[in-house]
Amino acid sequence: MELLTNDKKYLKELKALYIEAFPKEERKTFTFIEQLRKEGKCVIHTAVDNGNFAGLAIILKDEEYALIDYLAVNPKIRGSGIGSKMLDELKKLYGNKCLFLERETVLRNCDNPTQRNRRRNFYLRNGFSDSNIYVNVYTVDMTLMTFGKEITFVEYEDFLHKILGEKIFNKIKVKTSEFSDESLD
């Protein structure tokens, strides 16, 4: 598996997976993602396995932090270990920063508790830790997970404000959440 950076060859497949994998209310426009990329605040990674499109990782970054904003594997090869390989490569690329992600909080009363718990366990198996920071972004309750270095809520909020700018930051309504994970184990 190879992780390409800002590569245009698989752009059509990447955009299609982005739309398929993430609910509309949680997606940034691709125009905005491209703008952030041009400003040096975002990197678009394409996973390729044996010459075939395998997945995507969209990273928001600055000098200190790297947020795995979106990570998705081609549905035709999910469960094949590509997601773990992608995370391994991202840890190598961004290991000198505080690498973190936002994951839907596991709640028993949500529509997809089993899927959310599987995602949580996937990230735990791949070396990420729950931060015990619960946020609400785009009206979705999420838990921050970190790899290596920790992040505080204030650092997270400052990072998003810096990367996204005032208008978008205010639009996504980041706030602490009263919800926490309920393990389904």
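Hi everyone. The protein chain I have for you today has five helices and eight strands. What we are looking at is a predicted model, so please keep that in mind as we go. From the N terminus on, the elements run β-α-α-β-β-β-α-β-α-β-β-α-β. You can follow that order on the structure while I talk.

Let's begin with the overall shape. The radius of gyration is 16 Å, and the globule rule gives 16 Å for 185 residues, so this chain is as compact as a globular protein of that length. Along its principal axes, the C-alpha trace spans about 45 × 40 × 30 Å. The accessible surface comes to about 9,600 Å², with 48% of that belonging to carbon and sulfur atoms.

How much of the chain is buried? Buried residues make up 50% of the 185 residues. Then there are the contacts: among those with a separation of 6 or more, 62% are between residues 24 or more positions apart.

Now let's go inside. In soluble globular proteins, nonpolar side chains tend to be buried together. In this model, the largest nonpolar core has 38 residues, and Leu56, Ile58 and Tyr156 touch the most other members. Which helix gives the most to this core? That is helix α5, residues 153-172, with seven residues. There is also a second, separate core of 21 residues, which includes Leu3, Val43, Ala57 and Val73.

Let's stay with isoleucine 58 for a moment. Leaving aside residues up to four places away in sequence, its partners include Tyr18, Phe30, Ile33, Leu67 and Tyr70. Val43, which we just met in the second core, is also touched by isoleucine 58.

Next, find strands β6 and β7. β6 covers residues 129-137 and β7 covers residues 140-147; the two run antiparallel and are joined by six bridges. Tyrosine 134 stands opposite threonine 143 in β7. The hairpin of these two strands has two residues between them, and there tyrosine 138 takes a positive phi near 55°.

Two residues in this hairpin deserve a closer look. One is asparagine 136, in strand β6. Is asparagine 136 buried or exposed? At 12% relative accessibility, asparagine 136 counts as buried, because the cut-off for buried is under 20%. Its side chain makes a polar contact with the side chain of aspartate 141, at 3.1 Å.

The other is leucine 144, in strand β7. Leucine 144 is buried, with a relative accessible area of 0%. What does leucine 144 touch, if we skip residues up to four places away in sequence? Among its partners are Leu101, Glu102, Ile133, Val135, Ile151 and Tyr156. You may remember Tyr156 as one of the residues that touch the most other members of the largest core.

Leucine 144 also takes us to our last stop. Leucine 144 and threonine 105 are 39 residues apart in sequence, and 9.0 Å apart in space, C-alpha to C-alpha. The backbone oxygen of threonine 105 lies 2.8 Å from a polar atom of the side chain of arginine 116. Arginine 116 lies in helix α4, residues 113-125, and is buried, with a relative accessible area of 12%.

So that was our tour: the whole chain, the cores, the hairpin, and finally arginine 116 in helix α4. Thanks for listening!

Conventions: Residues numbered from 1 in each chain as written. Predicted model: local features only at pLDDT ≥ 70, side-chain atom pairs only at ≥ 80, totals over all residues. Heavy atoms only, no water. Core = buried A, V, L, I, M, F, W, Y, C linked by side-chain atoms within 4.5 Å. Buried < 20%, exposed > 50% of the residue type's maximum accessible area, 1.4 Å probe, protein only. Helix = DSSP H or I, 4+ residues; strand = E, 2+ residues; numbered from the N terminus. Contact = heavy atoms within 4.5 Å. Pairing = 2+ DSSP bridges. Rg over C-alpha atoms; globule rule 2.2 N^0.38 Å. Areas by Shrake-Rupley, 256 points an atom, 1.4 Å probe, with all protein chains shown as cover. Polar contact = N/O pair within 3.5 Å; in protein donor to acceptor, adjacent residues only side chain to side chain.
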